[in-house]
Number of protein chains: 2
Amino acid sequence: MLYYWFLRLIHLDYLISMQAVIICAGKGERLTQLTRGKPKPLIPLLGIPLIIRIILNARAAGIDEFIIVVGYAHEAISSYLKEFAHREHLNLKIVYNPDWQSGNGTSVLAAEPYVDDHFLLLMGDHIFDPQVLSQFLRITRQPNTSYILADTDIAKGDKLHEATKLQIGPNNHVLNIGKHLHEFNAIDTGIFILHRSVFSALRKSIEHGDYTLTGGMLQLIQTSQLVAFPIHGFMWCDIDTPTDLRLAETLLLRQLPKPQEDGIISRHLNRPISLQLSRLFARGGVHPNLISLSVLLLSVVAAVMFASTTTWLWMIAGILVQIASILDGCDGEVARLLHKARPFGGWFDTLLDRYGELILCLGITYGYWRVQPYWWVPLLAVLPITGFILASYTRKEYHLRYNKPYPLNVWNYLSKRDLRLFLIFLGSIFFVPYWMMIAIGGLTHLCINMMFITIRWQSHS
Amino acid sequence: MLYYWFLRLIHLDYLISMQAVIICAGKGERLTQLTRGKPKPLIPLLGIPLIIRIILNARAAGIDEFIIVVGYAHEAISSYLKEFAHREHLNLKIVYNPDWQSGNGTSVLAAEPYVDDHFLLLMGDHIFDPQVLSQFLRITRQPNTSYILADTDIAKGDKLHEATKLQIGPNNHVLNIGKHLHEFNAIDTGIFILHRSVFSALRKSIEHGDYTLTGGMLQLIQTSQLVAFPIHGFMWCDIDTPTDLRLAETLLLRQLPKPQEDGIISRHLNRPISLQLSRLFARGGVHPNLISLSVLLLSVVAAVMFASTTTWLWMIAGILVQIASILDGCDGEVARLLHKARPFGGWFDTLLDRYGELILCLGITYGYWRVQPYWWVPLLAVLPITGFILASYTRKEYHLRYNKPYPLNVWNYLSKRDLRLFLIFLGSIFFVPYWMMIAIGGLTHLCINMMFITIRWQSHS
């Protein structure tokens, strides 16, 4: 426990002090066919320009001071970044490197007047998982030592021939770096924590005619000042071609599902579809709250159809319910893709879901009551109307009391929204939406009771 | 922020390392009329023996190692404590002081072989607020220095003449201690953090013929080794007489209400009554979950009465509803009084409350429908049935998303359980429970919407 707080302390220390230098000075010619003259850092990736995505990712890992080195098309990039930094209250400095064409080592040198002893270096065209970056930021930094995040998963395939390779020796010291190494055991991810000693190394390399960052790293290696931080199975991607851009989209989408929260239908049916929809929504910059509202609207339309006595309308309503269930995954996905996930959005969406289900239950009940006008029709409807809300309520209350989510046991799965909406869809296809709804309502109340009994039983055994 | 983690760190360090010595060797003659021969440490205070209350309070402040010094009636106390320590998996050592009659200084000396450099000293008959103790445990401990928790609220009244007084000088150094000081600015609470140097001070005092702890403190004062930790408005109580015991009960009860959670009716009507009931329940050792179940049972009985068409039964049912509302405060209060507050109990109680309200709504609706058998009677009932659950749901979800409780604004107050049960009680008295319930149901849905609008508006302004 004490050790955990120590880690927190060290970690926060880093969060407070680390600056990030981001190099986006190159031309990125291989992407020009897609850009129509737009500079590469401003090309949108799922609705957000590449450079902004990298800034937001770094911020998510705890960085709050940015130094952006620009070169090619620096006016366009600078004006865009200035406007963004102002809007987001970001501590961001833009440095122009007039020598950008001679090599990326000169762009790192351009940041020299502005950085502390250690600083984070990122490439303007490498996207990555913020979680791994925040792990990297936690390493103990030695004076006169630089660190490189090294991906040991060297079977990455088709792009290997153009990747910068690393040979890592004992104690994680880097022994060699280059594109054409014969012996290597890791790949350079383009993510570094550099000590200021890198600047003299770069100057020495330039004296020898090598203007690249790799040249500077080779100088550091000669004095054993470059240490690797090896990782495996980490999401990152270097974007050079239109193919890379699509690959990056897919990698970002793959990060989205939360298997620890999803129900069975959600995981196997809804997510695969909602992820593709989210890709389109994110590209178009659709606001997640708009998606939440559309889900509610679909529920209302379905409820109106259920309220009719025309049974084939029930079928269409059932299909709408399943579409709403799929769309319901998109708001959270798009919010995370667009870095717009906020507590309000989640709160708003959750309550809209409950109201949507309530309206649906009322529609189905009214429709059936018009056919069978008995007193027990509205009475039985109390089971689903209250059960659907209470199942979710029981889980939230557990989360608040125990400070962790309710375990994913069978009673949890059986009382989840994705399953009940799917069953209502099935019930509607077979013209029995009311009875299906009542059955799930009864099952849900059973689940609620079993959720209690399971926990009680566990704490006694 | 960093400073906060530092504090946490220091705090946890203390939690892990501090031992508590508890002196309960005295005879406590002034309580014998109440005890019928039972030794004072075993006298129950709101259902829990005095010494156990002190152990549990210290544990709540983070102490996990106990050394109990016993004297008078040591067999009875030891066997009780051993059984308790075994049941609660407590690290507890019992030390017998054969010289207990000569003075409480000898009881402190008896603990010498078992303690570290610094240890906490508590009196077996002083109850206190664990929160202040955990503050006290956080002070920076200097070598060869002992600390005393000093209450600067010297206007405490009737018991002042028998209290041990303190004269505190510059830098919180204690200048004098004793029962009969003319000049004093604080009172000894009987809570100390002592350094091992206290043992030689006690021996020196005993050589001079003073066998009391105060004698040892006077020796420490001569070498400036006693520092006060002054506090004000802190709940503590020295229990010597039956009057003290009742005062301690009142003080403990006064700690229970949570003004940041209570609604208006709860604060001004329900709490004053429920606290007196909780006093009785705690004395009798009634399990809090039993109280939660009784509240549900009362709701069911009230619902059955509401379901009749006899309007005077509605009136009685309304009174039962208000009684249930008052009793509903007791489960939490008794749980805290008996140190039995567990996540499961809170979770269980919350869901029983929701089911109770649901059954109540169904009873009221059915009763009214028997008089007025129209289709809109069950339809309107959807407003309260769903509103009552959703209002609570909205608050819980807010708490989970924002990591803090929903602010206590007017919409929060208007949608709380205490108010709606009170209004249903009023409605029943005037024979209109159904319409009152519908009105509150509508109001509650309005409140839910306003709770969202308020937060949205705040985040934009």
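User: Where is Asn403(A), and what sign does its phi take?

Analyst: Asn403(A) comes just after α14(A), with a positive phi of about 65°. Helices here are DSSP runs (H or I, at least four residues), numbered from the N terminus. Bear in mind that this is a predicted model: local features need pLDDT of at least 70, side-chain atom pairs count only at pLDDT 80 or more, and totals for chains, interfaces and linings use all residues. As for bookkeeping, residues are numbered from 1 along each chain as its sequence is written, chains are lettered from A and ligands numbered from 1 in the order in which they are written, and side-chain values use heavy atoms, with hydrogens and water left out.

User: How do you know that the reach of α14(A) is close to the expected one?

Analyst: The expected span is 1.5 Å times one less than the number of residues. For the 27 residues of α14(A), 376–402, that gives 39 Å, and the helix reaches 38 Å from its first C-alpha to its last.

User: What makes Gly387(A) the centre of a kink?

Analyst: The bend at a residue is the angle between axes fitted to the seven residues ending there and the seven starting there. The kink in α14(A) is about 30°, centred on Gly387(A).

User: Why is Gly284(A) called exposed?

Analyst: Exposed means over 50% relative accessible area, buried under 20%, and partly exposed in between (1.4 Å probe, protein chains only). Gly284(A) has 59%, so exposed it is. You'll find Gly284(A) in helix α10 of chain A.

User: And why is Trp100(B) called buried?

Analyst: Its relative accessible area is 17%, so Trp100(B) counts as buried. Tyr72(B), at 25%, counts as partly exposed.

User: What makes Tyr72(B) and Trp100(B) an edge-to-face pair?

Analyst: Rings of Phe, Tyr and Trp (its six-membered ring) pair if their centres lie within 6.5 Å; planes under 30 degrees apart are stacked, over 60 edge-to-face, the rest tilted. These two rings are 5.7 Å apart, centre to centre, with 65° between the planes, hence edge-to-face.

User: Why is the pair Tyr374(B) and Trp376(B) called stacked?

Analyst: The centres are 5.5 Å apart and the planes 15° apart, which fits stacked.

User: How do you know that chains A and B are related by a two-fold axis?

Analyst: Superposed by least squares on the C-alpha atoms of residues with pLDDT of at least 70 in both, chain B lands on chain A with an RMSD of 0.1 Å after a turn of 180° and a shift of 0.1 Å along the axis. That is the two-fold relation. In chain B, Tyr393(B) has the C-alpha nearest the axis, 2.9 Å from it.

Key:
Helices (H or I, at least four residues) and strands (E, at least two) are DSSP runs, numbered from the N terminus.
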